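Visitor: Could you take me on a close look at one part of this model, the place where the two domains of one chain meet? I would like the cut-offs along the way, please.

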Amino acid sequence: MKVAMLGWEYPPFKAGGLGTHCYGLTRSLADKGVAVDFYMPKTKHSTASDRKNLVIKEVGETEIFPYDRPDDKAIGGQFFDAVYRYNDLLVQKVKGKYDVIHCHDWLTMKAGVALKEKTGAPLVITIHSTEYDRSGWLNPNQWFIDIEKEGMQKADKIIAVSQFTKRVIVENYGINPNKIEVVYNAVYPIGEGEKQNIVLFLGRLTIQKGPEFFLRAAKKVSEYEKNCKFVVAGAGDMLPRLVDQAVHMGISDKVVFTGALTDEEVKHIHRTASVYVMPSVSEPFGITALEAISAGTPTIMSKNAGASEAFRNCLRVDFWDIDEMANKIISLLRYTPLHTALADRGKKEIELFTWDRVADRTLDVYRGVT
Amino acid sequence: MPSVCIYFEVHQPVRLNRFSVFNIGRNIDPYSTYFNHELNHWIFEKVAKKCYLPTNKILLDLIKEYDGKFRISFSLTGTFIEYCERYIPSLIDSFKELFATGAVDLLEETYFHSLSSLYDDMDEFEEQVKMHNQMIKRIFNYQPKVFRNTEAIYDNRIAKKVSEMGYKGILTEGTEKILNWRSPNYVYKPVNCDIKVLLRNYNLSDDVGFRFSARNWPGYPLTADKYANWMASCQGDIINLFIDYETFGEHQWIETGIFDFLKHLPGETLKHGNLDFVTTSEAVNRYKPVGDIDVPWAISWADEDRDVSTWLGNNMQVACFNELKDIGRKLKESGKKDLLHTWRLLQTSDHLYYISTKGSQDGDVHAYFSPYDAPYEGFINYMNILQDLKQRAI
């Protein structure tokens, strides 16, 4: 079987879970004998494959940061141009015989639909997040929604990363639920390190990820737990506001903003953190939660996160419930048996979340459309 | 001629309020902040309507219909009786009426359905048994002869203590762990003291308690005549059917036919000339021990493991249990008697049960009974309350 996979990010260049997913999925598919050509925009970083039947094909010359909200009209214009240019290039460059065209999220959907029409190969799309998620359900942009909807309608099969996301696709895009398969994400385990008194937020600093709720919980925790640091790791449009917020709340000496981290730095902070909090307003899955758990870090996640429907050994909160979030953070810091139970049982459960399983389930979907 | 000895456990825990770390040390009245009286009231009314009231009525009718040949036993926990007195006093009258027939025996246990039998010292255990004793005396003017510990927890030490306290019999689980090849359908005695041990026939008991409505079970559907045939073909002196009372109408809903099963059980059983019914006291009086049992490590009737891992199977549970014991020592040292009742309500084994992290089928059963989303939530809540009480105890 030969698959043309259209993506937009691939390690070492990645902004979110989509890149992580494409990396794990393509390598495990290759291990199962599937030939995968992975198309992505050309980046400054060199991206290489470590599998014989997995080929990374860079198209075009600009990086696209699809998670940034194009607020500024001028940048927004360039951004949309870049997206169109990339999609056009894809349609030109994807040549040869493929059994399946596989797209990830809205950014390559136009090309996916065009290639399906041009080559007659079936189209599979994976939905990692929708415009509703990325906007935190505030003012979703119709331009994205229309692209997403067209792609979903024309796809032969849709893979959703959680039941939560499947429901959004059914309810907000009017897609037949029988066309949608749920395949939960996976993780390459990070492994445990020397734990310190660190409570960690790690993710894009956008409305979707709820970093301001983390800071408010941090404020409350810091009143009770004096020897505890809070790390806000990641970059995003909310960074300046969050720094201000920390100063205003008088906890700037307790909170460290790291900015964007390299892969190695991400692993390091997961290894040393004692508590990981994922207070996402909207979270189709949340691979970082799996990464934290694989590093032996007990994790508090938003009740509406896709990962929380799939994973038992974690704590759950409503993202807006600051008191309960703080209650659980403090409990994890104070009660060793709780910390140990979640760390140990979490690491055990995480063994079920392998890319090999994701590849198997994805292959089932391919076989269903070819 | 085997006798059928039916005994029902009747218990409701006093469930906890949501109590965050920020409530610790606030010094608000513990009784009203620790316990969720609204939820408890609601659950108690619900279970009373679905189970206690209708089942009591059926049992009373059956005892009258069979002229006292249908005989049963109950253990009523102190927390259950407190609920009755607060919310449905007529339920106590209904139990009194049952007891007045002479066909009903009452058992002794710890007032709070606690794990105090597992503490390092037996004094708290003894106090709670005495409290239960006084309660039964006050309401029923009766002195129980047979003891059953929380969820049938049993070991040599407990048997010895209970025997020293003057009881003639004690109940526990008829598990192979202590019987090996031997049958539970006889009376035994402990190796280390003189008391008769009644052992639960867990196959026949669980047929009713757990499997009654399981469609994938070969015995389904279970009818009274089929069940009576099974009992009639049993060897031995006594068939001990020890069952949660809430099986009737609550764990097994009315739609499963559990009440019809109960209504026909005495008649179908008595059709077999070799079967009769006895209470726990009568069983202890009538039958002689056929052998010894040696139980150095505690067993119980809970979960597949049939031990105390249900309550003390992980470190979160052990940590809470240790806190509980520690608070007790502090309370007794400081003489803060007003907090004793609250501390004892927190000893009810259910609070630890909710923190169990067992997987598979047992885990599902735990989840069914738990007011929490996950054992971790149960731990946080319970531990926060224990921390608050600990601060008050000093």
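Guide: Happy to. In chain A, the centres of domain 1 and domain 2, taken over C-alpha atoms, are separated by 28 Å. The bounds, which come from an automatic or database domain assignment, are 2-186 + 354-369 for domain 1 of chain A and 198-350 for domain 2 of chain A. A note on conventions: this is a predicted model, where local features need pLDDT of at least 70 and side-chain atom pairs count only at pLDDT 80 or more, while totals for chains, interfaces and linings use all residues. Residues are numbered from 1 along each chain as its sequence is written, and chains are lettered from A and ligands numbered from 1 in the order in which they are written.

Now to the meeting place itself. Domain 1 of chain A brings 24 residues to the contact and domain 2 of chain A brings 16; two residues are in contact if their C-beta atoms, placed from the backbone, lie within 7 Å. On the domain 1 side, α1, α4 (131-134) and α6 (163-173) of chain A each give at least two residues. Helices here are DSSP runs of H or I with at least four residues, strands are runs of E with at least two, and both are numbered from the N terminus. By type, that side of domain 1 of chain A has 10 nonpolar, 10 polar and four charged residues. For this sorting, Ala, Val, Leu, Ile, Met, Phe, Trp, Tyr, Cys and Pro are nonpolar, Asp, Glu, Lys and Arg are charged, and the others, Gly among them, are polar.

Let us follow α1 of chain A a little further. This helix (residues 17-31) packs against α14 (residues 355-369) of chain A at an angle of about 75°, and the axes are 8 Å apart. Each axis is a line fitted to C-alpha atoms, for helices over the stretch in contact, and angles run from 0 to 180 degrees between N-to-C directions. The angle makes α1(A) roughly perpendicular to α14(A); that label covers 65 to 115 degrees, with under 35 roughly parallel, over 145 roughly antiparallel and the rest oblique. From α1(A), the contact uses A:Gly24, A:Leu25, A:Arg27, A:Ser28 and A:Leu29, and from α14(A) it uses A:Trp355, A:Asp356, A:Val358, A:Ala359 and A:Thr362. Those residues comprise five nonpolar, three polar and two charged.

Beyond α4 of chain A, there is a backbone detail to look at. A:Trp137 sits in the loop between α4 and α5 (142-154) of chain A. Its phi is near 65°, a positive value in a residue other than glycine. Most residues other than glycine have a negative phi. A:Trp137 counts as partly exposed because it has 16 C-beta neighbours inside 10 Å; 20 or more such neighbours would make a residue buried, 12 or fewer exposed, and C-beta atoms are placed from the backbone.

Finally, step back to the whole chain. Chain A has 14 helices and 13 strands, and 52% of its 370 residues count as buried. The C-alpha trace of chain A spans about 60 × 45 × 40 Å along its principal axes. The radius of gyration of chain A is 20 Å, which agrees with the value near 21 Å for a compact globule of 370 residues; the radius is taken over C-alpha atoms, and the globule rule is 2.2 Å times the number of residues to the power 0.38.
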